[in-house]
Amino acid sequence: MDKAPFHHQRLQNRSLFRSPLPKLVLWSILFIVILFLFFHFSPTSQSSSSSSRIDRRSLRTSAAWGGAAWEKRVRSSARIRSSHNHHGISVLVTGAAGFVGSHCSIALKRRGDGVLGLDNFNDYYEPSLKRARQAMLERAGIFIVDGDVNDAHLLRKLFDVVPFTHVLHLAAQAGVRYAMKNPSSYVHSNVAGLVSLFEAAKSATPQPAVVWASSSSVYGLNKKVPFSEVDRTDRPASLYAATKKAGEEIAHVYNHIYGLSITGLRFFTVYGPWGRPDMAYFFFTRDMLRGKSISVFEGPDHSTVARDFTYIDDIVSGCLGALDTTEKSTGTGGKKRGSAQLRVFNLGNTSPLPVSQLVGILERLLKVKADKKIIKMPRNGDVQYTHANISHAQAQLGYQPTTDLETGLKKFVKWYLQYYDPSSSLSKKGRSGGGGSSSFL
Ligand SMILES: O=C(O)[C@H]1O[C@H](OP(=O)(O)OP(=O)(O)OC[C@H]2O[C@@H](n3ccc(=O)[nH]c3=O)[C@H](O)[C@@H]2O)[C@H](O)[C@@H](O)[C@@H]1O
């Protein structure tokens with residue numbers, strides 16, 4: 001039979017479909033899609049898994065914000081309700097679901113200031129703890145926007161909705177040793193995030209004054225003690241420290257070019273209730289209660305490793321003192337109109353104690369003998385000793401730490417037992433035994 005000179009359209013399509021060429025095209029497309037998915041989501045190396053984690057964090061953030069109801073919540077949270085003896089301020093607190101951020105937010109709200117929180121609720125440590133802090137802030141009338149400081153669009157929106165007088169910028173990637181595992185998260189939060197925040201602040205009308213968290217780790221290999229703000233800070237021992245030091249230099253730039261009023265606070269090993277589970281006092285407590293061994297570091301020739309452990313309530317006083325003594329930024333419309341305040345302060349306790357002593361206090365409070373493994377301090381960013389000279393903060397901020405390590409740890413342990421193990425006998429004893437009052441309890 002003769003072949004038909006032409007085919008019906010459907011037949012033509014069907015036969016085309018059966019021919020090898022389109023099949024090849026289809027398979028190629030499928031292959032490209034699989035390849036794309038593989039490279040996009042597979043954790044092929046530490047750094048690529050880290051960056052995809054960061055991507056997911058920042059992509060996740062723009063999820064649910066905007067709209068009239070959302071703006072109403074933002075405005076209401078940021079509204080100043082001062083008492084007559086306090087001239088209120090309106091503060092955007094970044095990292096508000098974090099340890100220091102949640103304590104400062106509550107303290108500001110209690111004295112009548114307007115507080116709006118911002119936090120990306122990342123999973124560096126248990127997000128459930130951040131959500132529990134958020135719930136507490138909500139009960140105090142503080143709204144935390146779920147978003148990342150790298151989201152310039154969101155920041156612009158927040159400054160459009162509220163004329164913040166101040167920003168307390170505490171959102172950061174913390175932790176000294178984790179920097180070797182996930183270096184890019186430090187650059188993302190502590191460098192890019194800080195620049196994003198300063199960009200939004202300098203463009204806002206009015207420009208807010210910014211107070212932000214630097215770190216005692218900027219003193220790095222400095223041997224001169226106690227550490228003073230005028231000492232060298234150009235020899236960081238960890239990438240974490242380097243990003244905080246970079247932050248201090250970036251602050252100089254935004255102060256110099258745009259007239260932003262900026263205050264950096266160098267925190268010294270802050271501890272207390274609602275603290276960070278990645279810190280030694282916290283995971284020592286957890287591991288001791290579970291009967292697990294703990295690694296206690298020592299320096300060369302069995303020398304002591306010590307920290308100027310600083311209690312959270314003292315740090316909160318320092319942060320509020322810094323906010324209250326800021327001068328206004330001088331720029332408008334993104335342009336500098338005059339020189340502006342640029343400050344940096346140590347916020348420490350001024351009485352360093354060996355880590356072994358921290359363990360001894362925990363043993364007494366928990367009534368547990370620690371299974372201690374004494375090991376050489378690993379070369380992963382730790383420094384052997386920190387000690388703050390706080391005379392500058394005393395003179396300028398009225399900063400005066402009042403809590404010693406024993407008293408502070410007592411309050412921490414009381415909180416820890418109530419939060420994680422409310423049915424334990426130690427916890428019940430703690431509840432009636434008066435571990436003292438913390439900001440929340
Ligand atoms: O002061 C600061 O700037 C820094 O304080 C802490 O860093 P760090 O002092 O290293 O606090 P921890 O990780 O809790 O360590 C406390 C001490 O315990 C020691 N340690 C830590 C872990 C461990 O397993 N064993 C141990 O002996 C450390 O060497 C250190 O001397 C915070 O984690 C940082 O985010 C903060 O910036």
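Helix axes are taken here as lines fitted to C-alpha atoms over the stretch in contact, and the angle between two of them runs from 0 to 180 degrees between N-to-C directions. On that basis, in this predicted model, helix H8 (residues 183-203) and helix H9 (residues 239-258) pack at an angle of about 15°, with their axes 10 Å apart. Because angles under 35 degrees count as roughly parallel, H8 and H9 are therefore roughly parallel to each other. The crossing in which H8 passes H9 is right-handed. On the side of H8, the contact is made by Pro183, Tyr186, Val187, Asn190, Val191, Leu194, Val195, Phe198 and Lys202, and on the side of H9 by Leu239, Tyr240, Thr243, Lys244, Ala246, Gly247, Ile250, Tyr254 and Tyr258. Sorted by class, the residues of this contact comprise 13 nonpolar, three polar and two charged.

Helix H8 also packs with helix H7 (residues 152-161), at an angle of about 35° and with the two axes 9 Å apart. The crossing of H7 and H8 is right-handed. In this contact, Ala152, Leu155, Arg156 and Phe159 of H7 meet Ser196, Leu197, Glu199 and Ala200 of H8. Five nonpolar, one polar and two charged residues make up the contact of H7 with H8.

A further helix pair is formed by helix H10 (residues 280-289) and helix H12 (residues 355-366), whose axes come within 11 Å and cross at roughly 45°. That angle makes H10 oblique to H12, and the crossing of the two helices is right-handed. From H10, the residues Ala280, Tyr281, Phe284, Thr285, Met288 and Leu289 meet Val355, Leu358, Val359, Leu362 and Leu366 of H12. The contact of H10 with H12 contains 10 nonpolar residues and one polar residue, with no charged residue.

Two of the residues in the contact of H10 with H12 recur elsewhere in the description. Leu358, which takes part in that contact from H12, is also in contact with leucine 405, as are Phe309, Leu353 and Ile361, once the neighbours of leucine 405 within four places in sequence are left aside. Leucine 405 lies in helix H14 (residues 405-420) and is buried, because 22 other C-beta atoms lie within 10 Å, where 20 or more are required. Leucine 405 and leucine 353 are separated by 52 residues in sequence, yet their C-alpha atoms are 8.4 Å apart in space.

Ala280, which takes part in the contact from H10, is also among the closest residues to the ligand, together with Ala174, Ser215, Met279 and Phe297, in a shell of 19 residues that surround the ligand. Strand E8 (residues 293-298) contributes the largest share of this shell, namely three residues. The shell around the ligand divides into 11 nonpolar, six polar and two charged residues.

Considered as a whole, the protein has 15 helices and 13 strands. Of its 441 residues, 42% are buried. Among the contacts in the protein with a separation of 6 or more, 80% are accounted for by residues 24 or more positions apart; the pair of leucine 405 and leucine 353, in contact and 52 residues apart in sequence, provides one example of such a separation.

How values were computed
Residues are numbered from 1 along each chain as its sequence is written. This is a predicted model: local features need pLDDT of at least 70, side-chain atom pairs count only at pLDDT 80 or more; totals for chains, interfaces and linings use all residues. Helices (H or I, at least four residues) and strands (E, at least two) are DSSP runs, numbered from the N terminus. A residue is buried if 20 or more other C-beta atoms lie within 10 Å of its own, exposed if 12 or fewer, and partly exposed in between; C-beta atoms are placed from the backbone. Two residues are in contact if their C-beta atoms, placed from the backbone, lie within 7 Å. A residue is near a molecule or strand if its C-beta atom, placed from the backbone, lies within 6 Å of it. Ala, Val, Leu, Ile, Met, Phe, Trp, Tyr, Cys and Pro count as nonpolar, Asp, Glu, Lys and Arg as charged, and the others, Gly among them, as polar. Angles under 35 degrees count as roughly parallel, over 145 as roughly antiparallel, 65 to 115 as roughly perpendicular and the rest as oblique. A crossing is left-handed if the near helix is turned anticlockwise from the far one by less than a right angle, and right-handed if clockwise.
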